Amino acid sequence: MSSQYQAPLNDMQFQLFDVWQVQQHWQQVPALAEQLEPETAQAILQEAAKICEQQIAPQCQLADQTGVSLDQGEVSTPEHYKACYQAWCEGGWAGFSGDPEYGGMGMPKVLSMMLDEMMCSADIAFSLYPGLTAGACVTLQQYASDEVKALYLPKLYSGEWSATMCLTESHAGSDLGLMRTKAEPQTDGSYRISGSKIFITAGEHDLTDNIIHLVLAKLPDAPAGSRGISLFIVPKFLPDAGGKPGQRNALHCGSVEHKMGIHASATCVMNFDGAVGYLLGEPHKGLAAMFTMMNYERLAMGSQGLGAAERAGQNALAYANDRLQGRITERDANKAEPIIRHPDVQRMLYTIQSLNEAGRSFSTWVALQLDKAKYSGDVKGQQFANLLTPIAKAFMTDLGLECTVQAQQVFGGHGYIKEWGMEQLVRDVRIAQIYEGTNGIQAADFMLRKVAADNGAVLFSLFTDIGNWLDPSIQWHPQLATYVERTRTLTASLLNRSQQDKAVLAEFAYDFMTLTGYLLYGYVWLKQIDALQHADLPNEVKQQKQQLAAFYFKKILPRAETLLHIMQD
């Protein structure tokens, strides 16, 4: 009765090579062209799928039941996590997107997003251990000195060491300017870090030889507020002259949180008692450096929503085909039919799959923008990625919970019972709307820092690109084009109204972000339908895509109508 999982490799390949044609970008980048072609990428995804399907996913419920335990400052993870983590690292997956100069594989974001999704479908709690490390590596790569990179990155890419980010304090929450953790300069160039951080994912565990904490703290001369925050590297064990874990640092895990879900993820209170730390980047500019990691993690949060919803949807579909209940077409009162024949069950299954396949396409698109910015210096790609990141985090996790709950509903009473695994998926995915900046904060970021900051210039540029691509002679295109133009008008109106009432943007931020998400999901559905013309797919798959697109435009996209009405003057 436990939940099952099979990686949706066919749809992943369709999104990569038919819809977004990422191979065209790879061919233009020497670093990628030398090692990547569609066949290679497909083989990579297949190998990752094997670990997720065969080793991690089958024991997801066991991990949830076992959880983590704290004994005298030492945290133990579920026993099978050690073998899973070792297999993941031996496959090179820990350094999948890492800089090849330091032992990483140098793979593009469009592929690592697929890995993130598979990992989250397999076990969200497990995915957080390597996931936080990957984000920390991005920050180190951008802000650390060559000496520091050479010391830490090879160990992190190999999975021998792991990393965390330590931001939140109990009194401060998301208002980082209120933090009290202090960094006292020492004569040898190091710092003594003192303070307490909460909600530290993988702050203490038994999977690696060392844990590298990236800690936000304030120097004695720090300006007030968030402008006075610096970033420090604080290892659990101080590396010795040979680069191996040496003396234990003055930090410890005070407690682990007892949470609604992700029980096997160690969410720790970390106490720093004059721990030795080293400044990363420039003084008082730590928040910008940490946000490099935060933005990486925000994209990964979208994968959590999609990953949980994908696994939940697969199990709901299987259950709906097997479960006999009620009569829709049969006249025999003694003969029940599979519940998949019930229109309301079909509604739920279509909702889940239409949103999941749009989410996969959307995340591939966002990842491609990041790749274009990284490898080709594409300015528009970077602008679009910055604009879309809060939507990838917030909208995808909102829909992730919605779809996971819908899948649980297909099971009826059995969805509420632990043995079937559905209630765990609901519990596990719920956190994705909260951490790495709550979805309300993401909406404010989107509306105030992304849209209003440039008076809508990048958003209007995106709308123009979509409008230029749309063909009014093709089904569904006119409907989306109308919504895009109405949203363009609404955006201008909101920005104008904000000149007299600054609160109007914050008031409608969530509605506006959600509206934009639905429009962009419509766009990526049309991209998928367009790609079917040249895709080498079985006819039944093409027909299903058409049906899902039709459902989205008939039953899901009209949600935009309500949102437009709410925000109109």
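Is W476 buried or exposed? In this predicted model, W476 turns out to be buried, and its relative accessible area comes to 15%. That places the residue under the 20% cut-off for burial. W476 sits in the loop that runs between α14 (457–469) and α15 (477–497). Its backbone is worth a look too, as phi of W476 is near 80°, a positive value in a residue other than glycine. Most residues other than glycine have a negative phi. F199 is another case, with a positive phi of about 60° even though it is not a glycine. Unlike the loop position of W476, the place of F199 is within strand β5.

Strand β5 also leads into the sheet pairings. It covers residues 191–201 and runs antiparallel to strand β4 (residues 182–185), with 4 bridges joining the two. Within this pairing, E184 stands opposite R192 of β5. The two strands make a hairpin, with 5 residues left between them. The turn includes G189, and here again phi is positive, at about 95°. β5 has a further antiparallel partner in strand β11 (residues 267–280), and 9 bridges hold that pair together. One point along it is I193, whose bridge partner in β11 is A275.

Turning to the interior, the largest nonpolar core contains 189 residues, and L111, M118 and F362 are the ones that touch the most other members. Helix α7 (residues 109–143) provides the largest share of this core, namely 18 residues. What does M118 touch, once its neighbours within four places in sequence are set aside? The contacts of M118 are Y5, A7, L9, M12, L45, A48, A49 and C52.

Burial also shows up at the level of a whole helix. Helix α12 (residues 422–430) has 8 of its 9 residues buried, so the helix is largely enclosed by the rest of the structure. The buried set is not just nonpolar in name: M422, L425, V426 and V429 are among its members, and so are E423, Q424, R427 and D428.

Charged pairs come next. Side chains of opposite charge can pair when their charged atoms come close. Across the whole structure, the search finds 24 salt bridges. One of them is local: E47 pairs with K50, and their closest N and O atoms are 3.2 Å apart. Both residues belong to helix α4 (residues 38–56), where a spacing of 3 residues amounts to about one turn of the helix. E47 is partly exposed, at a relative accessible area of 40%, and K50 is likewise partly exposed, at 40%. A second salt bridge brings together the side chains of R341 and E337, at 2.6 Å from N to O. Here the two ends sit in contrasting surroundings: R341 counts as partly exposed at 38% relative accessibility, whereas E337 is buried, with a relative accessible area of 1%.

The salt bridge between E357 and K545 has its closest N and O atoms 2.7 Å apart. This pair links distant parts of the chain, given that E357 lies in helix α10 (residues 343–376) and K545 in helix α18 (residues 539–556), 188 residues apart. E357 counts as buried at 9% relative accessibility, and K545 is buried too, with a relative accessible area of 4%. Both fall under the 20% limit, so this salt bridge has a buried residue at either end. The pair does not stand alone, as E357 and K545 are part of a salt-bridge network that also takes in D11, E117, E310 and R360.

Finally, there is some empty space inside the model. The structure holds 3 cavities of 30 Å³ or more, and the largest cavity has a volume of about 60 Å³. Which residues line the largest cavity? The lining is made up of G302, G305, L306, A309, L355, N356, G359, M396, L399, G400, C403 and Y521. As for the helices behind this lining, α9 (286–322), α10 and α11 (379–410) each supply at least two residues. Helix α10 thus appears in this lining as well as in the long-range salt bridge, through E357.

Key
Residues are numbered from 1 along each chain as its sequence is written. This is a predicted model: local features need pLDDT of at least 70, side-chain atom pairs count only at pLDDT 80 or more; totals for chains, interfaces and linings use all residues. Side-chain values use heavy atoms; hydrogens and water are left out. Two strands pair if DSSP finds at least two bridges between them. A nonpolar core is a set of buried Ala, Val, Leu, Ile, Met, Phe, Trp, Tyr and Cys residues joined through side-chain atoms within 4.5 Å. Buried means under 20% relative accessible area, exposed over 50%, partly exposed in between (1.4 Å probe, protein chains only). Contact means heavy atoms within 4.5 Å. A salt bridge is a side-chain nitrogen of Lys or Arg within 4 Å of a carboxyl oxygen of Asp or Glu. On a 1 Å grid over the protein atoms alone, a cavity is a set of points where a 1.4 Å probe fits but cannot get out, and a pocket is an open set with protein on both sides within 12 Å along at least five of seven lines; lining residues have an atom within 4 Å of a point. Grid points are joined across faces, edges and corners, and a volume is the space filled by probe spheres set on the points.
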